Amino acid sequence: MIQFPNVGRRTITSNYTTVTTDSYIEADTSGGNITLTLNPFSYSVYNPLLHLNQNYQSVTVKKIDSANTLTIQGSGSTTINSGATLALTSLNDVITFLYNSVAGDYRAISNYNTSSPSGGVTSVS
């Protein structure tokens, strides 16, 4: 099991917008649907192939209750996999996003369900 330090880790129970220190978010949807808004915060990484700095941020999100839906959206014009939203509907759905400031888009770089390793997040709208 992956152990995350307390820095950048939080559990949410209502709508929430990410801050620069967020790296792992558990969403407890037992009290109702939650909307998580990903802000376009990033850090610079030099890309030697393009000879420029590119800005990235990663955040991992886990749905920790079987009830209701966790909807993930970008802030402003920021997109999620080039779309408006992504929904997590199952207990233990986990998804990791990488933000690319050049494209203005959060990309899902991994998704899985810890209860069913062959499963994964499939709802993107």
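Select I80 and display its surroundings in this predicted model. Beyond residues up to four places away in sequence, I80 touches L38, I72, Q73, G74, L86, F97, D105 and Y106. The residue belongs to strand 8, which spans residues 79–80. I80 counts as buried, because its relative accessibility is 0%, below the 20% limit for that class. Now add a distance label from I80 to Y106: the two C-alpha atoms are 4.9 Å apart in space, although 26 residues separate the pair in sequence.

**The aromatic cluster**

Keep Y106 selected and add F97 and Y99. Ring pairs link F97, Y99 and Y106 into a cluster. The structure holds two aromatic pairs. How are the rings of F97 and Y106 arranged? Their centres are 6.3 Å apart and their planes stand at 85°, so this pair is edge-to-face. F97 and Y106 are both buried. The rings of Y99 and Y106 have centres 4.8 Å apart and planes at 45°, so that pair is classed as tilted. Y106 has a relative accessibility of 0% and therefore counts as buried. Y99 is also buried, with a relative accessible area of 6%.

**From Y106 to N39**

Select N39 next, in the loop between strand 4 (34–38) and strand 5 (43–47). Apart from residues up to four places away in sequence, N39 touches T17, T18, Q57, S75 and Y106. N39 counts as buried, at 16% relative accessibility.

**The nonpolar core**

Colour L36, L38, V61, L70, I72 and F97. Within the largest nonpolar core, which has 18 residues, these six touch the most other members. Two or more residues of this core come from each of strand 3, strand 4, strand 6 (52–63), strand 7 (70–74), strand 9 (85–88) and strand 10 (93–100). Centre the view on L70. Leaving aside neighbours within four places in sequence, L70 is in contact with A27, T29, I34, L36, V61, K63, L86, A87 and L88.

**Strand 3 and its partner**

From L70, follow the contact with A27 to strand 3 and show the side chains there. Which residues of strand 3 point one way, and which the other? Y24 and E26 point one way, while I25 and A27 point the other way, and all are buried. In a regular strand, the side chains alternate between the two faces of the sheet. Now add strand 1, which pairs with strand 3 in the parallel sense over four bridges. The bridge partner of R9 in strand 3 is Y24.

**Salt bridges**

Three salt bridges are found in a search of the whole structure. Begin with R9 and E26, whose closest N and O atoms are 3.6 Å apart. This salt bridge links distant parts of the chain: R9 lies in strand 1 (residues 9–12) and E26 in strand 3 (residues 24–27), 17 residues apart. R9 is partly exposed, at 35% relative accessibility, whereas E26 is buried, at 13%.

Move to R10 and D22, whose side chains meet in a salt bridge with an N to O distance of 2.7 Å. D22 lies in the loop between strand 2 (16–17) and strand 3, and R10 lies in strand 1, so the pair ties together parts that are 12 residues apart in sequence. Is D22 buried or exposed? D22 is buried, with a relative accessible area of 3%. R10 is partly exposed, with a relative accessible area of 29%.

Finish with D105 and R107, a salt bridge whose closest N and O atoms are 2.5 Å apart. D105 counts as buried, at 3% relative accessibility, and R107 counts as partly exposed, at 41%. D105 was also among the residues touched by I80, where the tour began.

**Confidence**

Lastly, colour the chain by pLDDT. The mean for the protein is 80, and 72% of its residues reach 70 or more. Where does pLDDT stay under 50? That stretch is residues 1–6, for which the model has two contacts beyond four places in sequence.

Note on methods:
Residues are numbered from 1 along each chain as its sequence is written. Side-chain values use heavy atoms; hydrogens and water are left out. A salt bridge is a side-chain nitrogen of Lys or Arg within 4 Å of a carboxyl oxygen of Asp or Glu. Buried means under 20% relative accessible area, exposed over 50%, partly exposed in between (1.4 Å probe, protein chains only). pLDDT is the predictor's confidence in each residue, from 0 to 100. Contact means heavy atoms within 4.5 Å. Rings of Phe, Tyr and Trp (its six-membered ring) pair if their centres lie within 6.5 Å; planes under 30 degrees apart count as stacked, over 60 as edge-to-face and the rest as tilted. Two strands pair if DSSP finds at least two bridges between them. A nonpolar core is a set of buried Ala, Val, Leu, Ile, Met, Phe, Trp, Tyr and Cys residues joined through side-chain atoms within 4.5 Å.
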